[in-house]
Each structure stands twice: as C-alpha cells, then as structure tokens.
Amino acid sequence: MKTVAANARFWIAGTLVALAGVALARVVAPSLGSPARLYCTVGGQLLAFGGLVLLAYGVSRRVRRDGESAQS
Amino acid sequence: MHFQDILNVFQGVTTLFDSPWPILLGRVGLMLLGMVLVYLGKKGVLEPLLMIPMGLGMCAVNAGVLFLDPTTAAAVTEAPVAAGAATHGTLFMAPLVQKPDNLMYILQVDFLQPIYTFAFSNGLIACFVFMGIGVLLDVGFVLARPFLSMFLALCAELGTVATFPIAVAMGLNYREAASIAMVGGADGPMVLFTSLTLAKDLFVPITVVAYLYLGLTYGGYPYLIRLLVPEKLRGMKMPPKPIVKITSDEKLTFAVVACTVLCLLFPSAAPLFLSLFVGVAVREAGLSYFVAFIDGPVLYGSTMFLGLLLGVLCEASTILNPKVLILLILGILALLLSGIGGIVGGYLAYFFSGRKINPVIGIAGVSCVPSTAKVAQKEVSNVTPDAIILPEALGANISGVITTAILTGIYVTLIPLLK
C-alpha cells in the first residue's frame, strides 16, 4: 500500500469528488423539480466519473514521476 | 395398429407437418442455421466456445418438438387445455411459464428449466461471465493512460448511444430500443442483462442477434479499419514509452473505489459492477485459487450453458417475431457505428497528440475484450510488423468494458423513468 499512501492526495480527492457526484445525483437531484432534477442528475454522474478519472490521473502522474526519476 | 400410432412414434416429424407454414419453415430454417453455426464455429469464423453449443441447441430444440400430455400442456400454456387438443412443446424448457405452481411442475419435467430459472433469467450467468472477464482484465492499462483510454472508449460508444433514437424511430419502445442499442457496446453479458431487465419479451432475439454479431466483430472490423485508415497511418509507429509499473495495490484500491461509486450511482446495475470488479479484485489480491476457479470452471461453464440455453431458446415459436428483422438491422448498425466512432476517436487522438498516436487504436475502444485490441494490433502489424500498439489498445479496450457497464447502468436506471 506504499504507492497508494505516497499518492494519498489524489486518492482522497478523487474519492471525495466521486462521492460528491453520487450525493448530487442520488440525494440532491430527487428532491428537485423537473428540469433542475435532470441537470443535477447528469452533473452528479459526470462529477462521479470525474472523480474516478482524477484517481487514475493521480496514478499515471505517479508513474510518470517514477519513470523520470529512474531516467535521471 | 393405426397409421396415427406410427406418426406418434416419430413426433418430431409429425409435429413439423402439423405446424402452421411459418412455424414449419422457421423450424427447418433454424435447424439449418444451427448446423451452419456449428460449422462456422469449428472453422473459427465465429466464436466456437459459444457457437457450437448454441448451434447444436438450435438444431435439437427445433427437431425435438412433440405433442405434450394434457398436464404438461396446461402447465406450459398456463391455461386449461381442451381434451384431445394437440399442444406442441419440448422437453428442454418453457421460458414463458411464470405462475409458481406451473413453474414447480415444469422444473421437474424439462431438464434445462432449473438452469434457465435459477441462473439465466435472473442474470446470474451474465454476471458469472462478467466475473470471468474481470479476472482477465488488467486495469493497469487504464490507470497508465486514463484520458486516452476513456476518450477512445467514449467515442466507441457511438453505436450504443446513436442506435437508441434510431430504434425508437423504427417503432421499438424505449425499453426495446435501449436493449438493442447495447449491442453497440459489443459486450454480450451486458446486452443479456439489459434485455432481461428492460425487454423480457424480446430478450431471446436481442441476445441471439447480439451474440451472432459479436462473433462477427473479429472478422468484420479489420475491413472497417482498412476502409477508414489509410495504410500509411495504419503502419505508424508510436514513440516508445518507458515500461510503466502500476502496483497491484493501486489496481485493487481503484477497483474498490470504482465499484463502490458505480454501485452507489447505478444500483440497478450493481450486480454487473460487483461481478466485474470482484474479478479484478481477486486477480490483484493474488488469490490464485479463486482466479483459477473463476477463470476456469465459472467462465467456461457459464459460457457453455449460455450458448446452450441461447440455442435452446431459438425455438421457432418463441423466436419468430415481426421485430426480428428490425433487430437484425439495428444490431449491425450499432456495431458499425461503434466501430466508426472508435476510429473517429482514434483520428482525434492522432491530431490532438501532434500526430503521435496511431488512429487504429480507436477501434479497441469497442469493448469486445480482447478481440478488438487484438484486431487493432494485427492490422498494424500487417503493415509494420515491429509497430506495437497493444498496451494503448488494451487500455482503451478495458475502458470500453467500464464505459459499457456505465451505459448499461444509465439505460437500466433511466429508461424505466421515461414515459
């Protein structure tokens, strides 16, 4: 788990962003009226995917950094 | 002994000529189609693991129709049967029976009914196949190139998205349209899950169409690549990259977070997400006994029974539906659009990367794991034998599985809300 802990910033941020998206889509959206509900659901889903992409970006960044340090 | 008694000995033939013309032609046609599928499976043109049991099932179910005894006929038709009435049926299974009493009776008569009721109609087989796919996936390819992989996978969902309005325009309802549109995702278990959830009355033809066409991707997509990507670009080498090492801890953590978030977002598709990510988790946790179990008996056992059940479901009276022709057109359209979308995505990646990315990678965004990635690499190797695009292609391919699962979740969740 060293590689995960060393990159904790992205893991925590990505998970929180994804969970915020879930909350928006599943908790906030159902309480809204007709057009706002749709926007909120779609926005929440996109935010949740964004969170997952942020996690993946963190990993790819760590890999790039490790590759550069190995070359130098 | 009367002539009638002799006819009763050979009920498969007697019921054939006792059927209305469309059913007679359907039965003969499906028997022949079954034989063709077995032949093409053996030749390797279509996926043999699926096509050989499916083809044989089609032959057997359409040949083995008999006159049911009154008790079984009443259970199968779920209506009182008049004395002396000749009801046709088989001893394989009765997919349309729903009443618990009739179901309990049929479970003791039809030999495949237990597998159909307890493993097929609830999506268990689809989930088992997905678990097997999960064990075969290496999410490290996605984590190494997240933006490229996700972008290509999204482009390759063109067929899944664009076929939906076309299907509605062609007269299908929203549920049927979403089910046939999922063929564009090129992922059999996902089509099975969506059609079982949304369009149970059409799930047999939709799933059969899907699996038939998925078998053709390996043969058809190379021609699409050659048509849309000129040889010079196809043979393009990509700049070498250092070997990346994504640790199993990172992959496992990603699987846990992604599974939780996606299940929270789309509870209707949670069984699929769990199945996929439990496969990934078992692999990354190094549970070799579980990997061997899922990778072997679970995946291959499920594939065999899936093929057999799909074949047995192709009984003429079940599958002959006026909508089948529309489904055949929409299925091929969905796969074609997804392939085109993937290659367009490949071209966009080529231009935005400063002409460094081979556009052929785009086709791998279609999530037929690992066929489309292998097709992409093969087409590139045919032009430049030492050009390697497989790591990037596999990243797009695995992202394709995830995006198709997400689209399944979106369809299964949102379509029932549409009026």
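This passage describes the interface between chain A and chain B and the two largest pockets of a predicted model.

The size of an interface is often given as the accessible area lost when the parts come together. Here, chain A and chain B bury about 2,200 Å² between them, with 78% of it on carbon and sulfur atoms. On the chain A side, A:Arg26, A:Phe49 and A:Leu52 lose the most area to chain B, together 22% of what that side buries. In terms of contacts, 24 residues of chain A meet 24 residues of chain B. Polar links complete the picture: 3 residue pairs are in polar contact, and the interface holds 1 salt bridge. That salt bridge joins A:Arg62 to B:Glu250, whose closest N and O atoms are 2.5 Å apart. On the side of chain A that touches chain B, α1, α2 and α3 each supply at least two residues, and α3(A) provides the largest share, 12 residues. By class, this side has 16 nonpolar, 5 polar and 3 charged residues.

Turning to the pockets, the largest encloses about 1,100 Å³ of space. Among its 40 lining residues, A:Thr41, A:Val42, A:Gln45, B:Ile410 and B:Leu414 are the closest to its centre. α3(A) gives the most to this lining, with 12 residues, while α10, α11, α16 and α22 of chain B are among the helices that each supply at least two. The lining divides into 31 nonpolar, 6 polar and 3 charged residues.

The second largest pocket has a volume of about 800 Å³ and is lined by 30 residues, with B:Glu47, B:Cys368, B:Val369, B:Pro370 and B:Ser371 nearest its centre. α14(B) contributes the most to this lining, with 5 residues. By class, the lining comprises 20 nonpolar, 7 polar and 3 charged residues.

Note on methods. Residues are numbered from 1 along each chain as its sequence is written. Chains are lettered from A and ligands numbered from 1 in the order in which they are written. This is a predicted model: local features need pLDDT of at least 70, side-chain atom pairs count only at pLDDT 80 or more; totals for chains, interfaces and linings use all residues. Side-chain values use heavy atoms; hydrogens and water are left out. Contact means heavy atoms within 4.5 Å. Buried area is the accessible area (1.4 Å probe) that two parts lose on being put together, summed over both. A salt bridge is a side-chain nitrogen of Lys or Arg within 4 Å of a carboxyl oxygen of Asp or Glu. A polar contact is a pair of N or O atoms within 3.5 Å; within protein, one must be able to donate a hydrogen and the other to accept it, and residues adjacent in sequence count only if both atoms are side-chain atoms. Helices (H or I, at least four residues) and strands (E, at least two) are DSSP runs, numbered from the N terminus. Ala, Val, Leu, Ile, Met, Phe, Trp, Tyr, Cys and Pro count as nonpolar, Asp, Glu, Lys and Arg as charged, and the others, Gly among them, as polar. On a 1 Å grid over the protein atoms alone, a cavity is a set of points where a 1.4 Å probe fits but cannot get out, and a pocket is an open set with protein on both sides within 12 Å along at least five of seven lines; lining residues have an atom within 4 Å of a point. Grid points are joined across faces, edges and corners, and a volume is the space filled by probe spheres set on the points.
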